[in-house]
Amino acid sequence: TQGGDDATVFEFGFEVDVCVDGQWTHHRRNIDERKSALVVHTGSRPTALVIDPDFTVTAPIKLTGPADILRNSLREAPTARGRAAAANALRRRPDPLSITALEQCLGRENEAWMVRAEAASALSAISGDAARDALLAAQSTTHPKVRRAIVAALGEFRGEAVATALATLASKDESYLVSAAAARSLGKTKAENAPEKLRPLLKKNSWADVIRAGALEGLAASGNDEVTDDLISWSKYGRPLRARRAAIAALGRVGEGRKVREHLVELLRDRDPHLRVAVLGALEGLGDPKARGAIHSITSKELDGRVQ
């Protein structure tokens with residue numbers, strides 16, 4: 001479907017691969033209308049399918065279908081594109097067989113990392129004990145990008161086992177990006193000891209300060225009122241710039257409060273335009289109308305177009 005009465009109708013080739021009785025066939029139709037359909041006649045019920053197998057259509061594609069066909073596509077599709085699409089579609093199938101199929105995909109070390117990452121995301125959307133256990137079982141996988149997807153998915157769950165696993169990965173994983181993602185997820189679990197586990201990470205240096213930024217975001221997500229002082233401290237002049245910006249962004253999510261608003265307003269005087277942009281974003285997130293006066297006062301004298 002191409003929308004918009006004033007928009008040009010794009011002409012492109014739309015392709016589908018269908019598996020019937022173990023044999024894959026390729027089908028194509030030239031699309032030149034706002035709404036079109038590609039109908040494929042088969043001698044028997046298909047067992048798997050892939051839409052746009054070579055990723056030639058730069059448009060969002062939503063795949064739906066019977067759960068058994070989606071599971072077969074996750075296992076048998078010849079391209080990572082097709083298997084990832086099937087994993088994404090299975091997030092709407094919370095039945096035991098689909099969870100098992102996603103768990104098996106996540107555990108296959110020879111599978112493309114982006115397919116396994118999509119399986120982790122689907123398990124987080126399904127939720128439940130079985131999905132949580134599948135993610136915990138795969139946390140020690142060797143591929144850092146898959147571990148990163150797993151810890152991000154675990155942030156949607158609660159419980160001591162999840163918090164313990166995330167705290168360990170946040171402090172000890174060899175990948176900076178995995179540690180940062182684990183820190184963010186640990187805060188999202190709302191675990192009582194999350195701030196206690198996250199504060200030591202503020203002392204760790206890393207590429208682009210990603211671990212420190214993840215810890216600051218995790219502190220903000222923890223919902224603990226005591227973390228406001230940590231965020232204010234790390235947003236002050238003298239701290240590393242990337243950490244300051246992360247702390248400022250986090251302050252916009254900790255909730256309303258005079259202390260936070262007055263601190264952010266004071267930071268509008270900072271010499272760094274990138275920081276002033278971050279402060280304005282935080283004030284927008286804070287949503288406190290009492291900051292309007294301070295914002296209006298800088299519009300007449302601000303010279304940087306990005307800040308304006």
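This is a short tour of the structure, stop by stop, with something to select at each one.

**The whole protein**

Start with everything shown as a cartoon, and keep in mind that this is a predicted model. The protein has 15 helices and three strands. Turn it around: along its principal axes, the C-alpha trace spans about 70 × 50 × 30 Å. Now switch on the surface. The protein exposes about 16,600 Å², and carbon and sulfur atoms supply 50% of that area. Of the 308 residues, 45% are buried. If you look at contacts between residues at least 6 apart in sequence, 58% of them join residues at least 24 apart.

**The sheet**

Next, select residues 12-20, 23-31 and 48-51, and hide the rest for a moment. In what order do the three strands sit in the sheet? The order is 2-1-3, in an open sheet with antiparallel pairing. Strand 2 and strand 3 are at the edges with a single partner strand each, so one side of each has no neighbour in the sheet. Look along the sheet and you can follow its twist, which averages 15 degrees from one strand to the next.

**Strand 1 and its hairpin**

Stay with strand 1, residues 12-20. Is it mostly covered or uncovered? Mostly covered: seven of its nine residues are buried. Now add strand 2, which pairs with strand 1 in the antiparallel sense over nine bridges. Pick Val20 and look across to its bridge partner in strand 2, Gln23. The two strands form a hairpin with two residues between them. Click on Asp21 in that turn, where phi is positive, at about 55 degrees.

**Strand 3**

Move to the other partner of strand 1. Strand 1 and strand 3 are antiparallel too, paired over four bridges. Two pairs are worth picking out here: Cys19 with its bridge partner Ala48, and Val16, which stands opposite Ile51. Now show the side chains of strand 3. In a regular strand, side chains alternate between the two faces of the sheet. In strand 3, Ala48 and Val50 make up the covered face, while Leu49 and Ile51 make up the uncovered one.

**Helix 1 and helix 2**

Bring back residues 67-76, which are helix 1. Helix 1 lies across strand 2 and strand 3, and runs at about 75 degrees to strand 3. Then add helix 2, residues 80-89. The two helices pack at an angle of about 145 degrees, with axes 7 Å apart, and their crossing is left-handed. Which residues of helix 1 meet helix 2? Show Leu70, Ser73 and Leu74, then Arg83, Ala86, Ala87 and Ala89 on the helix 2 side. The residues of this contact divide into five nonpolar, one polar and one charged.

**Helix 12**

For the last stop, select residues 241-251, which are helix 12. Its buried residues are Ala243, Arg244, Ala246, Ala247, Ile248, Ala250 and Leu251. An α-helix has 3.6 residues a turn, so residues three or four places apart point the same way. What covers the buried residues of helix 12? Show residues 210-221, 228-235, 258-267 and 273-286: the cover includes these four stretches, helix 10, helix 11, helix 13 and helix 14.

Key
Residues numbered from 1 in each chain as written. Predicted model: local features only at pLDDT ≥ 70, side-chain atom pairs only at ≥ 80, totals over all residues. Heavy atoms only, no water. Axes fitted to C-alpha atoms, helices over the stretch in contact; angles between N-to-C directions. Left-handed = near helix turned anticlockwise from the far one by under 90°. Contact = heavy atoms within 4.5 Å. Nonpolar A, V, L, I, M, F, W, Y, C, P; charged D, E, K, R; others polar. Buried < 20%, exposed > 50% of the residue type's maximum accessible area, 1.4 Å probe, protein only. Areas by Shrake-Rupley, 256 points an atom, 1.4 Å probe, with all protein chains shown as cover. Pairing = 2+ DSSP bridges.
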